[in-house]
Every structure is written in C-alpha cells, then in structure tokens.
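Please consider the structure displayed here. The paragraphs after it proceed from the overall fold to individual residues.

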Amino acid sequence: MLREFGVEDVRVQEVVSLDSDMLAYLPRPVYGLIFLFKWREEDSDKQEPSCPEGIWFANQTVNNACASVALLNIVNNIPGLKLGDHLQQFREFTADFTPALRGDAIGNFEFIKTIHNSFARYAISAT
C-alpha cells in the first residue's frame, strides 16, 4: 500500500509478539508500531482537538480504514521520507487541520480511497 501511495524506502513487517527476541529481528530503523483493535470514540468532544507542534496525526473518522490511517500517521512524521507527490501535497494541505479534519480529509481524498479499496478485504456476510 505504501508503495502505491508513492512512499519510498520503508517496509512494513508483521510481528506476532513484542518480546525482545522478536523485536531484535526487525529491520532498522523502526518508525512505528501499529496495534489494531476495534474501538472508536463516537463522542467528538473526546477526540483530540489538536496535535503537538510538528506532529501530523489524523483521527480515524472513516469506517474500516484503521490500517491506512495508522500508516499515514506514521509516514507523515518521518523527517526526510519521500512521500511521493500526492501524499506530500496532502500533508502540506492538511498541516493546519485538526486530527478530526485530517481524518475526514483522508476519507475524501480519492487518491487514498482508491488505493485503500484496492487492498481492502471484503467480508462476506451470512444472510
């Protein structure tokens, strides 16, 4: 997904444990860890109203986009990382947004939506 976004020189590695032996095998540098679990703050008053200076963070305001939002939250905070033209412009455009507005912008950015949807796994529901 990151390659499709245009991000260069990063790699995603799945880990099944956080013990020191497992972490020792991770390629360096490690820019972030993503923990996925089902939880969403529905009360917008309890969402972060802002970020510390120099931090880019987006709330997940779109359903089923947790991995995409998490990846964007990591790569948008790595100094000097080549994001590609689309993400670089998106980062600059959303620099002064609140985390909630950034989350909404992710959901409205066709470039991200198209790539996200190309990787999405669609659940088959029993009827």
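What follows is an account of the chain as a whole, then of its salt bridge, its nonpolar surface patch and one pairing of residues distant in sequence.

The model is predicted. Its mean pLDDT is 85 over the protein chain, and 87% of the residues score at least 70. Confidence also varies among the elements: helix α4, spanning residues 85-93, has the highest mean pLDDT at 95, while α6 has the lowest at 87.

In secondary structure, the protein chain contains six helices and zero strands, so the pattern read along the sequence is α-α-α-α-α-α. Of the 127 residues, 27% are buried. The protein chain exposes about 9,400 Å², of which carbon and sulfur atoms supply 52%. Among contacts with a separation of 6 or more, 59% join residues that lie 24 or more positions apart.

Attention may now turn to charged side chains. The structure holds one salt bridge. Its partners are Glu-110 and Lys-113, whose closest N and O atoms are 3.5 Å apart; this pair qualifies because the cut-off for such a contact is 4 Å. Where do Glu-110 and Lys-113 stand relative to each other in helix α6? They are three residues apart in this helix, which comprises residues 110-119, and are therefore separated by about one helical turn. Both ends of the bridge are partly exposed: Glu-110 has a relative accessible area of 48%, and Lys-113 has a relative accessibility of 31%. The helix that carries this bridge, α6, is also the element with the lowest mean pLDDT.

The surface has a nonpolar feature as well. Which residues form the nonpolar patch on the surface? The members are Leu-18, Val-30, Leu-33, Phe-35 and Phe-37, and together they present about 520 Å² of accessible area. Phe-37 sits in the loop between α2 (20-24) and α3 (66-75). Its relative accessibility is 62%, and it counts as exposed because this value is over the 50% threshold.

The loop between α2 and α3 also contains Val-62. Val-62 has a relative accessible area of 31% and is thus partly exposed. How many residues separate Val-62 and Gly-103 in sequence, and what is the distance between them in space? The two are 41 residues apart along the chain, yet their C-alpha atoms are 7.1 Å apart. This pairing relates a position in the loop between α2 and α3 to Gly-103, further along the sequence.

Note on methods. Residues are numbered from 1 along each chain as its sequence is written. This is a predicted model: local features need pLDDT of at least 70, side-chain atom pairs count only at pLDDT 80 or more; totals for chains, interfaces and linings use all residues. Side-chain values use heavy atoms; hydrogens and water are left out. Helices (H or I, at least four residues) and strands (E, at least two) are DSSP runs, numbered from the N terminus. Buried means under 20% relative accessible area, exposed over 50%, partly exposed in between (1.4 Å probe, protein chains only). Patches are made of residues with over 30% relative accessible area and no salt bridge: like charges are joined within 9 Å, nonpolar side chains (Val, Leu, Ile, Met, Phe, Trp, Tyr) within 5 Å. Accessible areas come from the Shrake-Rupley method with a 1.4 Å probe; for residues, only the protein chains shown count as cover. Contact means heavy atoms within 4.5 Å. pLDDT is the predictor's confidence in each residue, from 0 to 100.
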